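Please open the model in your viewer, colour it by secondary structure, and keep the selection panel at hand. The tour below moves from one selection to the next and says what is to be found at each stop.

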Amino acid sequence: MVSTSGSSGIWPPVGVSLATVRQIAIALGKCRALGQVAGMTTALITHESALDHVTPDGHPERVERVVRLNAEFATPAYASLLRVEAPAVADEAILRAHPPEYLASLKARIPSRGFAAIDPDTHLSPESWQAVLRSAGAAVQAVDMVMAGAARNAFAMMRPPGHHAEKAE
């Protein structure tokens, strides 16, 4: 979740169900409608490629997370969300944070079948590259929308989440 409120926390918190989050938000009066905060729109930025990044059986970061969120966000409670298709990030944006060698190395690790482990907790599958580009694009889009005032906050519902990315290898 990207927010202009200054909060650096993850929303919803890991391990908390969306039903619980909804109850907390309503009880605290933090939102008048589930898709709005103080009358401003929440952007939901996603792309179907999030479903194509497959991880090994038993891995905690898996396709089912997005499937479950898609089902929840399809309910009438979230009708006011501004739905945005995650763009593929341009190489230039990636190169602002990572050297060209890192980008080339990551691209080269995408397997033609099965999985490729970057580290014990980070895996790539054949369709991961498009998901990586869309996931990073969603993050950039979220920041751009919030900073431009097009949305009060934004949720980039993408995977892989990118939290294991290093500056360089």
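Helices and strands are here DSSP runs, H or I over at least four residues for helices and E over at least two for strands, numbered from the N terminus. With that in mind, select strand β7, residues 153–157, and find Phe-155 within that strand. This is a predicted model, and what follows describes its coordinates.

**Phe-155 and its surroundings**

Is Phe-155 buried or exposed? Its relative accessible area is 13%, and because buried means under 20%, Phe-155 counts as buried. Now add Ala-139 to the selection: the two residues are 16 apart along the chain, and their C-alpha atoms are separated by 8.6 Å.

**The whole chain**

Zoom out and show the full cartoon, where the protein chain has five helices and seven strands, which follow one another along the sequence in the pattern β-α-β-β-α-β-α-α-β-β-α-β. Of the 169 residues in the chain, 36% are buried. Among contacts with a separation of 6 or more, 71% are made by residues 24 or more positions apart. If you switch on the surface, its accessible area comes to about 9,700 Å², with 57% of it belonging to carbon and sulfur atoms.

**The nonpolar cores**

Next, select Ala-43, Ile-45, Ala-86, Ala-138, Met-145, Ala-154 and Met-158, which have the most contacts inside the largest nonpolar core, a set of 13 residues. Two elements, β3 (40–46) and α5 (128–148), give two or more residues to this core, and the largest share, four residues, comes from α5. Apart from this core lies another, of ten residues, which you can locate by selecting Val-89, Ile-94, Leu-103 and Leu-133 among its members. In soluble globular proteins, nonpolar side chains tend to be buried together.

**A polar contact at β3**

Stay with strand β3 and select Thr-42, which lies in that strand. At 8% relative accessibility, Thr-42 counts as buried. Which side chain makes a polar contact of 2.6 Å with the side chain of Thr-42? Show Asn-153 as sticks, and the side chains of the two residues can be seen joined by this contact.

**Helix α5 at Ser-135**

Move to helix α5 and pick out Ser-135, a residue that counts as buried at 11% relative accessibility. Adding Ala-50 to the selection shows a pair that is 85 residues apart in sequence, yet 7.5 Å apart in space from C-alpha to C-alpha.

**The two faces of α4**

Select helix α4, residues 100–108, and highlight Tyr-102, Leu-103 and Leu-106, which are buried. Turn the view to look down the helix axis: the buried residues fall within an arc of 100°, so they line one face of α4. The face turned away from this buried side carries the exposed residues Pro-100, Glu-101 and Ala-108. To see what the buried residues pack against, display α3 (91–94), β5, β6 and α5.

**The β5–β6 hairpin**

Keep two of those elements on screen for the final stop. Strand β5 (residues 116–119) pairs with strand β6 (residues 122–124) in the antiparallel sense, over three bridges. How many residues does the hairpin that joins β5 to β6 pass through? The hairpin runs through two residues, and selecting Ala-117 together with His-123 picks out a bridge pair, His-123 being the partner in β6.

How values were computed:
Residues are numbered from 1 along each chain as its sequence is written. This is a predicted model: local features need pLDDT of at least 70, side-chain atom pairs count only at pLDDT 80 or more; totals for chains, interfaces and linings use all residues. Side-chain values use heavy atoms; hydrogens and water are left out. Buried means under 20% relative accessible area, exposed over 50%, partly exposed in between (1.4 Å probe, protein chains only). Contact means heavy atoms within 4.5 Å. Accessible areas come from the Shrake-Rupley method with a 1.4 Å probe; for residues, only the protein chains shown count as cover. A nonpolar core is a set of buried Ala, Val, Leu, Ile, Met, Phe, Trp, Tyr and Cys residues joined through side-chain atoms within 4.5 Å. A polar contact is a pair of N or O atoms within 3.5 Å; within protein, one must be able to donate a hydrogen and the other to accept it, and residues adjacent in sequence count only if both atoms are side-chain atoms. Two strands pair if DSSP finds at least two bridges between them. The arc is that of the directions from the helix axis to the C-beta atoms.
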